[in-house]
Amino acid sequence: MTKAETEPFDPEDKWDVLSSAAYARDQRTIPKAWLAMNITFLTLSAILFGLSLRGGAGGACISHAQSSIGIYSPLAMIKEPQRVWIDAEINTTSVFKGAPSDEVDEAWSRISDVPDFSVSNAELQLANMSSIELYGMPDRHLVQFDVFHNLHCLNYLRKSIYMDYYREKLHHSGISHLDHADHCIDIIRQSLQCHSDTTMLGFEWRPQFSLPAPIFSAVHNCPANFQKLTDWMWDHGENLKEYIVKQSE
């Protein structure tokens, strides 16, 4: 990703939030909010401490990998929410945009073709799911993370625009191109609805348009530091292809 897409937001770069009337008004509510936040923190701390006593050190690590509604993921503990300025204007240049090239393909591969990953049966139970056991690796089960699958799907749709260039790479032995593309469109739709980014976008007048044009660039509250997640996967993932063996029924 380019620096503009990933750079954490600095309020001084865009506006002085501390001088706004809204900030002055919210100051009067801080004592109550602070009290509620501390009560919530102490309650969660007590719960996590109790879980750590029940599960030992491993249990403590696993409990911290739960999301706010209790869906386990080994990546949850490193999500690191942040505010990010996303530059999304039509004329913005990016290594992820434009005609096919080795540079573009490499950038997309970095964020969508991450190494394989495995978890224990105990972790599967925490997530209330199942997966195949890897051949020759007792109690190791193959998993992937949804964000990287969605990016794989988005990359597939990108390649579909340049069919003459990517035709051979889009072949899938078990599914037609149209079915694959349809699957990708729908799973990305569901993921967008699930995460429901409510960031407001403004409008402006532009000479070439008779109607107001949306300003696509804005500060977003991102639930994860994507660069950190991607780096972690490349550091901790494994090539498990030789252990993915279909067992006879």
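**Exercise 1. Decide whether Cys184 is buried or exposed in this predicted model, and then do likewise for the other cysteines discussed here.**

Solution. Cys184 has a relative accessibility of 0%, and because buried means under 20%, Cys184 counts as buried. Cys153 also stands at 0% relative accessibility and therefore counts as buried. For Cys222 the value is 19%, which is under the limit of 20%, so Cys222 counts as buried. Cys194, with a relative accessible area of 62%, is exposed, because exposed means over 50%.

**Exercise 2. Find which cysteines form a disulfide, and describe where the link sits in the chain.**

Solution. As a starting point, a disulfide is a covalent bond between the sulfur atoms of two cysteines. A search of the whole structure finds one disulfide, and its partners are Cys153 and Cys184, whose sulfur atoms are 2.4 Å apart. The cut-off is 2.5 Å, so the pair qualifies. This pair links distant parts of the chain, since Cys153 belongs to helix 7 and Cys184 to helix 9, with the two positions 31 residues apart in sequence. The next step is the handedness of the link: the angle about the S-S bond is -70°, and the link of Cys153 and Cys184 is left-handed.

**Exercise 3. Describe how helix 7 packs against helix 9, giving the angle, the distance and the residues in contact.**

Solution. Two packed helices are described by the angle between their axes and the distance between the axes. Helix 7 spans residues 146–161, and helix 9 spans residues 177–195. Their axes come within 9 Å and cross at roughly 130°, which makes helix 7 oblique to helix 9. The crossing of helix 7 past helix 9 is left-handed. On the side of helix 7 the contact includes His149, Cys153, Leu157 and Ser160, while on the side of helix 9 it includes His177, His183, Cys184 and Ile187. Sorted by class, the residues of this contact are nine nonpolar, eight polar and one charged.

**Exercise 4. Follow His149 and Ser160, and state which residues each of them touches beyond its neighbours within four places in sequence.**

Solution. His149 lies in helix 7 and, at 16% relative accessibility, counts as buried. When neighbours within four places in sequence are left aside, His149 is in contact with Gln144, His183 and Ile187. Ser160 also has its place in helix 7, and with the corresponding neighbours left aside, Ser160 is in contact with Leu170 and His177. Although Ser160 and His177 are 17 residues apart in sequence, the distance in space is 8.9 Å from C-alpha to C-alpha.

**Exercise 5. Work out how helix 5 is oriented relative to helix 7, and which classes of residue make the contact.**

Solution. Helix 5, residues 102–112, packs with helix 7 at an angle of about 155°, and the two axes are 8 Å apart. Because angles over 145 degrees count as roughly antiparallel, helix 5 is roughly antiparallel to helix 7. Helix 5 contributes Val104, Asp105, Trp108, Ile111 and Ser112, and helix 7 contributes Phe148, Leu151, His152, Leu154, Asn155 and Arg158. This contact has six nonpolar, three polar and two charged residues.

**Exercise 6. Place these details within the whole protein chain by stating how many helices and strands the chain has, and what share of its residues is buried.**

Solution. The protein chain holds ten helices and six strands. It has 249 residues, of which 28% count as buried. Among contacts between residues at least 6 apart in sequence, 67% join residues at least 24 apart.

Definitions and conventions: Residues are numbered from 1 along each chain as its sequence is written. This is a predicted model: local features need pLDDT of at least 70, side-chain atom pairs count only at pLDDT 80 or more; totals for chains, interfaces and linings use all residues. Side-chain values use heavy atoms; hydrogens and water are left out. Helices (H or I, at least four residues) and strands (E, at least two) are DSSP runs, numbered from the N terminus. Buried means under 20% relative accessible area, exposed over 50%, partly exposed in between (1.4 Å probe, protein chains only). Contact means heavy atoms within 4.5 Å. Axes are lines fitted to C-alpha atoms, for helices over the stretch in contact, and angles run from 0 to 180 degrees between N-to-C directions. Angles under 35 degrees count as roughly parallel, over 145 as roughly antiparallel, 65 to 115 as roughly perpendicular and the rest as oblique. A crossing is left-handed if the near helix is turned anticlockwise from the far one by less than a right angle, and right-handed if clockwise. Ala, Val, Leu, Ile, Met, Phe, Trp, Tyr, Cys and Pro count as nonpolar, Asp, Glu, Lys and Arg as charged, and the others, Gly among them, as polar.
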